[in-house]
Number of protein chains: 4
Amino acid sequence: MTQPSRASIGAKRNPATETAVLAAAQDILAEGGIQALTMEAVAKRARASKATLYRWWPSRARLLLAVYSASKDSLPTPDTGSLHGDLVAYVGAMLRHWSEMPEGRVLRHLIAEAQSEPAVMEALKAQRAARWHHIRQLLDRAAARGELAPGLDVAACETRIAALAWFWLLTDTIPTPADLPTEIDQLLAPVLAPAG
Amino acid sequence: MTQPSRASIGAKRNPATETAVLAAAQDILAEGGIQALTMEAVAKRARASKATLYRWWPSRARLLLAVYSASKDSLPTPDTGSLHGDLVAYVGAMLRHWSEMPEGRVLRHLIAEAQSEPAVMEALKAQRAARWHHIRQLLDRAAARGELAPGLDVAACETRIAALAWFWLLTDTIPTPADLPTEIDQLLAPVLAPAG
Amino acid sequence: MTQPSRASIGAKRNPATETAVLAAAQDILAEGGIQALTMEAVAKRARASKATLYRWWPSRARLLLAVYSASKDSLPTPDTGSLHGDLVAYVGAMLRHWSEMPEGRVLRHLIAEAQSEPAVMEALKAQRAARWHHIRQLLDRAAARGELAPGLDVAACETRIAALAWFWLLTDTIPTPADLPTEIDQLLAPVLAPAG
Amino acid sequence: MTQPSRASIGAKRNPATETAVLAAAQDILAEGGIQALTMEAVAKRARASKATLYRWWPSRARLLLAVYSASKDSLPTPDTGSLHGDLVAYVGAMLRHWSEMPEGRVLRHLIAEAQSEPAVMEALKAQRAARWHHIRQLLDRAAARGELAPGLDVAACETRIAALAWFWLLTDTIPTPADLPTEIDQLLAPVLAPAG
DNA sequence: AACTAATCGAGACGGTACGTCTAGTCTTTCG
DNA sequence: CGAAAGACTAGACGTACCGTCTCGATTAGTT
């Protein structure tokens, strides 16, 4: 057989199709960036039909989301003994991931497309919850060590870190690995002078 | 003449055209949202030709940016006597602006389109610099009052606030006016326990 | 069971399927016209699978043909005593059939689709032979009565009548019952002046 | 210039576009037959955009019609001295045209598509009126010669001839040039025996 | 009683064309 | 000479059918 045809396997979803489509999408992303990732191009590359694409990923945004979700994030959460060190390690790995892989661009577009598609917004939120969970672990470890200020709202603190990372991503101002420790320093530093 | 035709005024730019185009764009935004704002629609509504549009705003993103920039920001910077009070007032006004006007949506899309168009990214940065300047004023006033922790990096602190606001905007989690004081509280609270 | 599923009845054709398919096709024709009659729609309506459809009616045209053939033609061939009267009665009944039932539209499309599918062309010819046979009977009766011109080619004459009927059908100029006698008159009238 | 781009020539229809589209359509017809003539293929071949195609030819049928109309019919109407001879010459030329050029197939499909599109039906009728006009001339000449039967309805007679030609076309039974004189003979022969 | 063979409903699949939409470019004509 | 008008290329969009396929269930004959 000259063409490795991937026909129907009966009245049920062919997992090979999903694999092929996501792989094609990732390849296109890596080669031509996000604006090259059209449904048409993915279909062609994956040797899938547009009908199949739209059956399982009803919009471009949903496909983008699937691609983003499929990107495994094996980010480390090493125990360096201090919150500062842990954050430098973890956030640094994440920023590197965003900078060097297409995932950063995808995320940025997902954020935009989430506006028009509530489903994407929802999915993005779920994604975020799963992914930022690691930060909570770092904070919990710091609390166990007695590093945290008494009465600190851990959730708000988590948001503070996430927000900064997003801001860096979205404004194209991701700090270099060398600068990151200073940035984390500033993030953890108190704003107000101690009362009294 | 039944139609107030806006012909050429000679060999120079007609300022009425710019006004008409921006007004048309804003109307369309208000009526049909961001995806209704096509170059074609704006040209038609403004009774301008597409050529004229493209002469002055070379891409859709640039037009969006112009619309966003044209939105007057008469945000107040009242002196409430404390950084906390000032931030609640100022950030609250900004969030209300984002929530209730089309500007919020426009900004979100601009962020996305800035990726593909460096010019937009640049312009967005300039915009940000001009707008967030007010926060710097609040921080400076607080410093004069002796509120701030010694050695605080004011720029980093400003970023911290801006980042949080963007995050709220982009994740559709803008806090209600009632919740805002608590959020600002958390933002200003120290993370780490005082070294002792 | 709420749905009276029409499963296989073993290693032979299930006659209920044919019935259901043809009924569904006729219903769709009546409701949505000829362009609504897609294989997909018929399969869905008949609760038959597309595979089953294609097994027995290998193309849309063949299905159309089956629908057309299934329409009983109980056209009368009364003996009115003259060829003119017989033709008015018979052709009139046929034209009424074409005008008032979906069959007229089906036939028109069959004619078109016959071009691409020789099988349909063939089947249509057979159909025609069977159906126009009645005209031959009328002509034979007329011959027995001595009505016909000596040396007349009956087959050519039959074609002449059929051609005119098709032409009326295809150009949407089917004469009204009131006009038909005149038309038949014209059809039978000699073109050339008698020689000599 | 490597690409002979055919841009707009201002706010009016570019005749080069129409030419290119019709030429492309004719080429496709000649090469791949009628089912190869898709709007997509024509657009691609003519280097025209689909938008332009649909602007001027709102449907495939309209495009087909334009192609058919564009085919000049320089059919001769020689004066052979008898109606029979004239018809053999004229109808023979027309049948040859239908047999040897793609026009025959196009006409067959136009007839079919005219059913769904009244506009095409109308246009086809106009086309027919213009084209069959020649037959009227032949009949008029015959009348002047005193060939025709007194009281003959010339319009009905014309229809009779046209109907037969269409029938031959549509049933794939176009007579050979050798057989045509006999067929015309039959067409002109009286059906009924002379009264008396 | 097990096995074979064919039928059936279901629906996924690769394709292809549809008709619509938007972006951005271009030329003519008018004032 | 600028502006309006609008035709033009390019190509993505999402939809609809096409005709083929595999699955799993079903049942009539055969062994």
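Here a student and a tutor talk through a predicted model of protein chains with DNA strands.

Tutor: Welcome! This is a predicted model, where local features need pLDDT of at least 70, side-chain atom pairs count only at pLDDT 80 or more, and totals for chains, interfaces and linings use all residues. Residues are numbered from 1 along each chain as its sequence is written, chains are lettered from A and ligands numbered from 1 in the order in which they are written, and side-chain values use heavy atoms, with hydrogens and water left out.

Student: Why is B:Gln127 called buried?

Tutor: Buried means under 20% relative accessible area, exposed over 50%, and partly exposed in between, with a 1.4 Å probe and protein chains only. B:Gln127 has 15% relative accessibility, so it counts as buried.

Student: Where does B:Gln127 lie, and what does B:Gln127 touch?

Tutor: B:Gln127 is part of helix H7 (residues 118–144) of chain B. Helices are DSSP runs of H or I with at least four residues, strands are runs of E with at least two, and both are numbered from the N terminus. Leaving out residues up to four places away in sequence, B:Gln127 touches B:Tyr68 and B:Ser69. Contact here means heavy atoms within 4.5 Å.

Student: Is D:Arg47 counted as buried or exposed?

Tutor: The relative accessibility of D:Arg47 is 55%, so D:Arg47 counts as exposed. D:Arg47 sits in the loop between H2 and H3 of chain D. Its phi is positive, about 50°, although D:Arg47 is not a glycine.

Student: Which value does phi take in A:Asp172?

Tutor: Phi of A:Asp172 is near 60°, again a positive value in a residue other than glycine. A:Asp172 is found in the loop between helix H8 (154–170) and helix H9 (180–188) of chain A.

Student: What makes a group of residues a nonpolar core?

Tutor: Such a core is a set of buried Ala, Val, Leu, Ile, Met, Phe, Trp, Tyr and Cys residues joined through side-chain atoms within 4.5 Å. The largest one has 125 residues, and A:Trp98 and B:Trp98 have the most contacts inside it. Not counting residues up to four places away in sequence, A:Trp98 touches several residues, including A:Tyr68, A:Leu107, A:Trp132 and A:Ile174. A second, separate core has 123 residues, among them C:Leu188 and D:Trp168.

Student: Which residues of helix H4 of chain C are buried?

Tutor: In this helix, residues 60–70, the buried ones are C:Ala61, C:Leu63, C:Leu64, C:Leu65, C:Val67 and C:Tyr68. The buried residues of H4(C) pack against helices of chain C that include H1 (15–32), H5 (83–100) and H7 (118–144).

Student: How do you know that chain A and chain C do not touch?

Tutor: No contact joins chain A and chain C, and their closest C-alpha atoms lie 11 Å apart. Chain B and chain C do not touch either, with 33 Å between their nearest C-alpha atoms.

Student: What makes a residue count as near a DNA strand?

Tutor: One of its heavy atoms must lie within 4 Å of the strand. DNA strand E is surrounded by 51 residues, with A:Trp56, C:Arg6, C:Ser8, D:Gly10 and D:Tyr54 the closest. Of the atoms of strand E within 4 Å of the protein, 65% belong to sugar or phosphate and the rest to bases.

Student: How do you know that C:Ser8 makes a polar contact with DNA strand E?

Tutor: A polar contact is a pair of N or O atoms within 3.5 Å; within protein, one must be able to donate a hydrogen and the other to accept it, and residues adjacent in sequence count only if both atoms are side-chain atoms. A polar side-chain atom of C:Ser8 is 2.7 Å from a base oxygen of DNA strand E, so the pair fits that limit. For C:Ser49, a side-chain N or O atom is 3.1 Å from a base nitrogen of strand E. A polar backbone atom of B:Met39 lies 2.9 Å from a phosphate oxygen of strand E.

Student: How many residues surround DNA strand F?

Tutor: There are 50, and one of the closest is A:Gly10. Sugar and phosphate make up 68% of the atoms of strand F that come within 4 Å of the protein. A polar backbone atom of A:Gly10 is 3.5 Å from a base oxygen of strand F. H3(D) gives the most to the surface near strand F, with 4 residues.
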